[in-house]
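Visitor: I would like to go through this model with you and ask how its labels are earned. Could you take me from the values to the words?

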Amino acid sequence: MKQLALFITFLLSLNVTAQSDQDALKTIYSQSLTNGNAYQWLDHLSNQIGGRLSGSVSAEKAVQYTKSELDKLGLDKVWLQEVMVPKWERGDKEVAHFTTNTSRFDVNICALGGSIATPKSGLEATVIEVKSFEELAEFGTKVKGKIVFFNGAMNPELIHTFEAYGGCSKQRYAGAYEASKLGAVGVIVRSLNLRQDDLPHTGSMGYMDLSNDQRIPSAAISTNDANKLSEALKKDTNLKFYFKQNCQQFEDVLSYNVIGEITGSEFPNEFMVVGGHLDSWDLGDGSHDDGAGVVQSMDVIRLLKESGIKPKRTIRVVLFMNEENGLRGGKKYAEEAKRKNENHVFALESDSGGFSPRGFSFDCSDAVLNKVLGWESLFKPYLIHYFEKGYSGADIGPLKNETIVMAGLRPDSQRYFDHHHAANDTFDAVNKRELELGAATMTSLVYLFDKYGTSDLPQVKEFKD
């Protein structure tokens with residue numbers, strides 16, 4: 001009888017735990033949807049500050065604004081962490097056109113981040129179209145003196161659009177490097193966008209070990225214009241393409257990661273990080289990439305306080321600088337954490353836009369993931385269903401070790417690349433409710449990992465009224 005009583009007590013405790021967690025998540029979601037701050041913060045970042053390219057005046061304004069807002073939350077500590085970042089400026093708006101035997105067609109382009117400028121008078125040459133580095137290599141010396149047109153498109157058959165992005169992003173980053181080695185004079189790259197439109201999408205590119213005199217200008221072309229150019233080349237392989245861009249690389253400048261924390265009540269030396277990157281590209285406002293992640297991360301720490309949750313572990317919000325063209329902020333944070341011998345047990349990043357949250361991808365052991373799957377019933381009322389092993393995030397990546405649990409928020413990705421690195425990544429493209437749902441979902445995961453830790457996590461049984 002004594003054993004039966006103990007067993008019944010154990011079962012009842014599981015239900016009490018589930019009910020407690022169910023109530024906690026309900027409070028978190030209610031607070032976010034009725035009393036959220038994320039949308040208000042994003043409005044200011046997007047409409048009052050705008051694009052926040054590393055090293056720019058706007059990036060510095062964003063640092064000061066977010067620090068002041070974290071100061072207002074009454075956290076235990078808020079500070080700036082120094083980090084040297086690259087400074088690249090686009091300059092005057094780029095222009096481009098191509099001419100056939102009979103007509104001239106204006107083209108929408110933008111310089112890729114880190115590219116050199118064209119000559120002051122612009123650059124004009126015939127074009128070779130390729131869709132892969134392997135195809136480029138087949139041309140060999142025929143590339144010399146020409147502009148290489150990388151027209152590899154994102155695969156529309158892939159439902160997970162980040163997989164489609166990863167499948168062709170190397171053409172953007174390393175296209176100039178590969179083409180220059182064969183003697184090309186310039187590179188234009190099809191924008192990484194699943195939609196057909198007139199917006200060029202920028203992004204980082206690199207010259208790796210090329211000397212200054214081997215470096216060639218690199219630009220992105222809109223998907224509509226990429227299609228037009230490709231069709232025109234089928235009819236006239238000798239057409240001329242002209243583009244002019246005025247970008248410039250400067251010496252590195254001082255910037256900052258913005259950090260705020262709530263000290264843990266039981267395990268203050270176990271650190272849990274939630275964050276996004278404060279910098280953005282310069283064509284739009286950086287609202288989805290990654291203003292959304294920044295304000296959601298800020299609201300996580302506020303929602304914990306508003307929900308009456310006192311974390312056992314130290315919770316840090318980290319707004320990383322320079323993810324887009326250097327990852328200096330993420331590397332600096334991890335470097336300082338190692339130098340101080342800080343024990344980071346969990347890290348969560350939001351850098352996939354402010355769309356409706358679907359769940360999380362985890363970089364962790366199978367044992368931890370299996371325990372996390374026990375929380376599915378808690379998230380089910382909020383339509384959160386995706387819990388898979390996978391990529392977590394660029395900025396938290398440098399923290400990776402054998403024990404830390406890392407996670408990335410996974411919103412619906414179908415519309416993300418319509419805006420990614422383009423002029424239409426603006427505040428009006430973000431839905432307030434979707435943004436707030438993402439903040440609540442992140443807060444809920446932080447709450448559960450803080451409550452149960454990252455090892456020997458209990459299975460939480462579904463509670464039914």
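Visitor: In which helix is Asp290 found?

Guide: Asp290 is found in helix H7. Do keep in mind that this is a predicted model. A cis peptide bond joins Asp289 and Asp290.

Visitor: What makes the bond between Asp289 and Asp290 a cis peptide bond?

Guide: The value to look at is omega, which is about 0 degrees for the bond joining these two residues.

Visitor: Let us stay with H7. Why is H7 called oblique to H12?

Guide: The axes of H7 (residues 287-306) and H12 (residues 432-452) cross at roughly 55 degrees. Angles under 35 degrees would count as roughly parallel, and 65 to 115 as roughly perpendicular. The crossing of roughly 55 degrees falls in neither range, so H7 is oblique to H12. The two axes come within 8 Å, and the crossing is right-handed.

Visitor: Which residues make that contact between H7 and H12?

Guide: From H7 they are Ala292, Val295, Gln296, Ser297, Asp299, Val300, Leu303 and Leu304. From H12 they are Leu435, Gly438, Ala439, Ala440, Met442, Thr443, Val446 and Tyr447. By class, the contact of H7 with H12 holds 11 nonpolar, 4 polar and 1 charged.

Visitor: How do you know that H2 and H7 are oblique to each other rather than roughly antiparallel?

Guide: The axes of H2 (residues 38-49) and H7 cross at roughly 140 degrees. Roughly antiparallel requires an angle over 145 degrees, so H2 and H7 are oblique to each other. Their axes come within 9 Å, and their crossing is right-handed.

Visitor: What does each helix bring to the contact of H2 with H7?

Guide: H2 brings Ala38, Trp41, Leu42, Leu45 and Ser46. H7 brings Ser287, Gly291, Ala292, Val294, Val295, Gln296, Met298, Asp299 and Arg302. These residues divide into 8 nonpolar, 4 polar and 2 charged.

Visitor: And what makes H2 and H3 roughly antiparallel to each other?

Guide: H2 and H3 (residues 57-72) pack at an angle of about 155 degrees, their axes being 11 Å apart. That angle is over 145 degrees, so H2 and H3 are roughly antiparallel to each other. H2 passes H3 in a right-handed crossing. In this pair, Gln40, Trp41, His44, Leu45 and Ile49 of H2 meet Ser58, Lys61, Ala62, Tyr65, Thr66 and Glu69 of H3. The contact of H2 with H3 has 5 nonpolar, 4 polar and 2 charged residues.

Visitor: Which residues of H3 are buried, and what covers them?

Guide: The buried residues are Ser58, Ala59, Ala62, Val63, Tyr65, Thr66, Glu69 and Leu70. Their cover includes H2, H7 and the strands S1 (77-89), S10 (248-262) and S12 (313-320).

Visitor: How does the reach of H3 compare with what is expected?

Guide: H3 has 16 residues and reaches 23 Å from its first C-alpha to its last, close to the 22 Å expected at 1.5 Å a residue. Just after H3, Gly74 takes a positive phi of about 70 degrees.

Visitor: Where do residues other than glycine take a positive phi?

Guide: One of them is Asn322, with a phi of about 75 degrees, in the loop between S12 and H8 (328-339). Another is Met208, with a phi of about 50 degrees, in the loop between S7 (186-190) and S8 (218-221).

Visitor: Why is Asn322 called buried, and why is Met208 called partly exposed?

Guide: Buried means under 20% relative accessible area. Asn322 is at 0%, so Asn322 counts as buried. Met208 has 42%, which lies between 20% and 50%, so Met208 is partly exposed.

Visitor: What makes Lys235 exposed?

Guide: Lys235 has a relative accessible area of 76%, and exposed means over 50%, so Lys235 is exposed. Lys235 is found in H6, whose buried residues include Ala226, Leu229 and Leu233. Lys235 and Asn101 are 134 residues apart in sequence and 9.8 Å apart in space, C-alpha to C-alpha.

Conventions: Residues numbered from 1 in each chain as written. Predicted model: local features only at pLDDT ≥ 70, side-chain atom pairs only at ≥ 80, totals over all residues. Heavy atoms only, no water. Buried < 20%, exposed > 50% of the residue type's maximum accessible area, 1.4 Å probe, protein only. Helix = DSSP H or I, 4+ residues; strand = E, 2+ residues; numbered from the N terminus. Axes fitted to C-alpha atoms, helices over the stretch in contact; angles between N-to-C directions. Left-handed = near helix turned anticlockwise from the far one by under 90°. Contact = heavy atoms within 4.5 Å. Nonpolar A, V, L, I, M, F, W, Y, C, P; charged D, E, K, R; others polar. Expected span 1.5 Å × (residues − 1).
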